[in-house]
Amino acid sequence: MTSDTEKNSPFLAIAIIVTVISLIAAVVWVTVIKPRQALPVAIANTYIPEGRPVVGIQLKDHNNQPFSEDQFKGKWSFLFFGFTHCPDVCPTTLLVMKSVWAKLPESAKQSPEPQLVFVSVDPDRDTPAILKNYVQYYHPDFIAITGKHNFIDILTVQVGALYGYEDGENENDYTVNHSAQIVLIDPQGYFRGVFTSPHQVNEIVKTFTAIRDYHPG
Amino acid sequence: MLKTLVAIGFISLSFIVHAGADVVISNAWVPEAPPVARVMAGYMTLKNTTDKDINITAVSSPDFKNVEMHRTETKDGMARMVEQKSLALPANGETIFKPGGLHLMLINPKRKLARGDSVTLMITADKKQITLKAQIKEATLDDHSTHQHHHHH
């Protein structure tokens, strides 16, 4: 009896260790490795599987109406950070998005529909009226938001966007440095993706369509 | 006296022709901007036909309050405009102002500008002044410098 136990216990111990390691490996595989590997190549550089809810937004839109995170719900939001005194990057990006809008397949325009949100990080010069004229010149459906700096910052820090001011020769001539990426927020209001610059129309169309197909819900 | 005047006349004439020949500017255009926009961009191609570098030291326009040369630089995902107080046009080289790179920053238009209008640009190249017209064109992603007579769909 005693000799039996002495014989079996190393086996038992090894069996337990192997089982535990297998279980841990299986859990890690299913929860961590597999979701990343399963990400289709088309969206891997853009899509953020973990996501993060965007909260505490208290801005004003181009019609001077309150804009909170509720306005993200039920839509795919493309956010671009800029300012209207921006001669090169902002018009080019808005033209890219206008082109994306024209090229999106019908299936990608259905509910939850996409919305382009131009976030002005220059609220001192960009009033809602100016923003309305500015974004709607590029597309009648484009919207713009801005607000006090501390409220803009609540949004920018949550989606990894940056901006800063650089003095010009005259007091009102300053220019604004800003993130060039386009941020994607999903219909549940989660920070869900980043399109890095330089922006290519076909690339954004393809990636966004693939994200819609992949994203649950 | 007359001789001197004629000589001066020839010298100044040759300067204009010379300046025009040293730096050949083509495809100058300005994308139309939203009516509220207080700044516009200017793009063009400059060809230095000489064996020496030529410096552009100033750009102005009677149609804008102020004109600056800038280069858009994107580093670590951050876009910024870097003012070029002086821009060297390399000998026998072509310098292209285009979206996402070098551009003129046309500040505070003095009148409403829409597609079809044209504006005057005055460029100082090694102390010689070149005056040219740039047309306001529909803002598109096409590089107008390669499609001068592009038809939009």
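**Entry 1: a bridge between chains**

I began with A:Ser179 and found that its bridge partner in β5(B) is B:Met78. Looking along the two strands, I noted 2 bridges that join β7(A) to strand β5 (residues 78–83) of chain B, and these strands run antiparallel. For pairing I used the rule that DSSP must find at least two bridges between two strands. The strands (E, at least two residues) and helices (H or I, at least four) are DSSP runs, numbered from the N terminus.

Before going on I wrote down that this is a predicted model, in which local features need pLDDT of at least 70 and side-chain atom pairs count only at pLDDT 80 or more, while totals for chains, interfaces and linings use all residues. Residues are numbered from 1 along each chain as its sequence is written, chains are lettered from A and ligands numbered from 1 in the order in which they are written, and side-chain values use heavy atoms, with hydrogens and water left out.

**Entry 2: the interface**

I then looked up the contact (heavy atoms within 4.5 Å), which takes 29 residues from chain A and 32 residues from chain B. The buried area, meaning the accessible area (1.4 Å probe) that two parts lose on being put together, summed over both, is about 2300 Å² between chain A and chain B, and carbon and sulfur atoms give 60% of this area. Of the area that chain A buries against chain B, A:Pro87, A:Asp88 and A:Tyr137 supply 28%, more than any other three residues.

I also looked up polar contacts, each a pair of N or O atoms within 3.5 Å; within protein, one must be able to donate a hydrogen and the other to accept it, and residues adjacent in sequence count only if both atoms are side-chain atoms. Between chain A and chain B the count is 8 residue pairs in polar contact, with both residues at pLDDT 80 or more. On the side of chain A that touches chain B, the elements giving two or more residues are α3 (89–103), α5 (128–138), β6 (163–166) and β7 (175–179) of chain A.

**Entry 3: salt bridges**

Which residues form a salt bridge with each other across the two chains? For this I took a side-chain nitrogen of Lys or Arg within 4 Å of a carboxyl oxygen of Asp or Glu, and I found B:Arg80 with A:Glu166, whose closest N and O atoms are 3.3 Å apart. The pair crosses from strand β6 of chain A to strand β5 of chain B. The rule finds 1 salt bridge across this interface, and a search of the whole structure finds 11 over all chains.

**Entry 4: the sheet of chain A**

Within chain A, I traced an open sheet of 7 strands in the order β2-β1-β5-β4-β3-β8-β9, with mixed pairing. Its edge strands are β2 (66–67) and β9 (191–195), each of which pairs on one side only. Strand β4 (residues 114–120) and strand β5 (residues 143–146) of chain A run parallel and are joined by 3 bridges, and there A:Phe118 stands opposite A:Ala144.

**Entry 5: cis peptide bonds and a positive phi**

I noted a cis peptide bond between A:Ser111 and A:Pro112, with omega about -5°, and A:Pro112 is in the loop between α4 (106–109) and β4 of chain A. The peptide bond from A:Ser197 to A:Pro198 is also cis, with omega near 0°. Last, I looked at A:Asn64, which has a positive phi of about 65° although it is not a glycine.
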